[in-house]
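The following exercises are to be worked with the sequence and the coordinates at hand. Each task is followed by a solution in steps.

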Amino acid sequence: MTEARSGNDKTQVRKHTRPMKKIPKKYQASVVIVKGHAEGMEYLITKEYTVLGRDKEADIALNDPHVSRQHAAIEYRDGTYSLKDLESTNGTRMSGTLIKQANLRHEDKFSIGDTTLQFVLEDTGKSQTYEIG
């Protein structure tokens with residue numbers, strides 16, 4: 001883990017080293033911004049570990065001053081998608097409750113900073129949404 005300092009801000013950059021199972025090609029996961037800057041924008045989840053944050057190098061960069069540089073991550077592991085808070089300053093919420101980690105299902109909504117996102121999971125082989133977990 002490396003650290004970078006800018007004023008009073010202390011950011012930790014974490015490297016994900018655990019081997020992951022590949023996301024099956026028949027699944028297409030994404031998040032859609034339902035409230036906040038870029039409302040309506042959809043971002044595909046193509047990696048087993050996807051970082052959401054304010055940092056321009058985050059996999060999904062959000063323009064929200066209340067979002068940490070590396071705020072949360074969506075991880076695919078053992079057939080399940082989960083949302084993890086990366087020790088952010090303002091926390092990650094699902095259904096209004098602060099979470100450290102929670103499984104994600106199709107249409108789950110979560111908030112980071114002032115941005116609300118919705119998780120979407122589709123079975124592309126059948127052209128319909130599909131819930132796992």
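## Exercise 1. Overall composition

Task: Establish how many helices and strands the protein chain has, and what share of its residues is buried.

Solution. The model is predicted. Its protein chain has zero helices and 14 strands. Read along the sequence, the pattern is therefore β-β-β-β-β-β-β-β-β-β-β-β-β-β. Of the 133 residues of the protein chain, 41% count as buried. The accessible surface comes to about 8200 Å², and carbon and sulfur atoms account for 44% of that area. For contacts in the protein chain between residues at least 6 apart in sequence, 42% join residues at least 24 apart.

## Exercise 2. The open sheet around β5

Task: Determine the strand order of the open sheet of five strands, and state which strands stand at the edges.

Solution.

1. The order is β6-β5-β7-β8-β11, and the pairing is mixed.
2. The pairing of β5 with β7 is antiparallel and rests on four bridges. One of the residues involved is Tyr49, whose bridge partner in β7 is Glu75.
3. The pairing of β5 with strand β6 (residues 60-61) is parallel, with two bridges. Here Leu52 has Ile60 of β6 as its bridge partner.
4. β7 and β8 run antiparallel and are joined by six bridges. In β8, Ser82 is the bridge partner of Glu75.
5. β6 and β11 each have a single partner strand, so they stand at the edges and one side of each is left without a neighbour in the sheet.

Task: Decide whether β5 is enclosed by the rest of the structure, and examine its two faces.

Solution.

1. Strand β5 covers residues 49-53, and five of the five are buried, so the strand is largely enclosed by the rest of the structure.
2. In a regular strand, side chains alternate between the two faces of the sheet.
3. On one side of β5 lie Tyr49, Val51 and Gly53, and on the other Thr50 and Leu52; all are buried, and both faces are covered.

## Exercise 3. The nonpolar cores

Task: Identify the residues with the most contacts inside the largest nonpolar core, and the elements that give two or more residues to this core.

Solution.

1. As a starting point, nonpolar side chains tend to be buried together in soluble globular proteins.
2. The largest nonpolar core has 25 residues, and those with the most contacts inside it are Val31, Ile74, Tyr81, Leu83, Leu104, Phe110 and Ile112.
3. Two or more residues of this core come from each of β3 (27-35), β4 (42-45), β7 (72-77), β8 (80-85), β11 (101-104), β12 (109-112) and β13 (115-123). The largest share, four residues, is that of β3.
4. Another core, of five residues, lies apart from this one; Tyr49, Ala58, Ala73 and Leu86 are among its members.
5. Val31 may then be taken as a worked case. Its contacts, leaving aside neighbours within four places in sequence, are Met41, Glu42, Tyr43, Ile45, Ile60, Ile74, Phe110, Leu117, Gln118 and Phe119.

## Exercise 4. A threonine in β13

Task: Is Thr116 buried or exposed, and which side chain does it join through a polar contact of 3.1 Å?

Solution.

1. Thr116 is found in strand β13.
2. The relative accessible area of Thr116 is 15%; because this is under 20%, the residue counts as buried.
3. The polar contact of 3.1 Å is between the side chains of Thr116 and Ser111.
4. Not counting residues up to four places away in sequence, Thr116 touches Val32, Ile33, Val34, Lys35, Lys109, Phe110 and Ser111.

## Exercise 5. Loop residues

Task: Locate Asp78 and Glu107, and comment on the phi of each.

Solution.

1. Most residues other than glycine have a negative phi.
2. Asp78, in the loop between β7 and β8, has a positive phi of about 50° although it is not a glycine. At a relative accessible area of 57%, Asp78 is exposed.
3. Glu107 lies in the loop between β11 and β12, and its phi is also positive, near 75°.

Task: Where is Gly96 found, and is it buried or exposed?

Solution.

1. Gly96 is found in the loop between β9 (92-94) and β10 (97-99).
2. Its relative accessibility is 55%, so Gly96 counts as exposed.
3. Gly96 and Lys109 are 13 residues apart along the chain, and their C-alpha atoms are separated by 9.8 Å.

Terms used:
Residues numbered from 1 in each chain as written. Predicted model: local features only at pLDDT ≥ 70, side-chain atom pairs only at ≥ 80, totals over all residues. Heavy atoms only, no water. Core = buried A, V, L, I, M, F, W, Y, C linked by side-chain atoms within 4.5 Å. Buried < 20%, exposed > 50% of the residue type's maximum accessible area, 1.4 Å probe, protein only. Contact = heavy atoms within 4.5 Å. Areas by Shrake-Rupley, 256 points an atom, 1.4 Å probe, with all protein chains shown as cover. Pairing = 2+ DSSP bridges. Polar contact = N/O pair within 3.5 Å; in protein donor to acceptor, adjacent residues only side chain to side chain.
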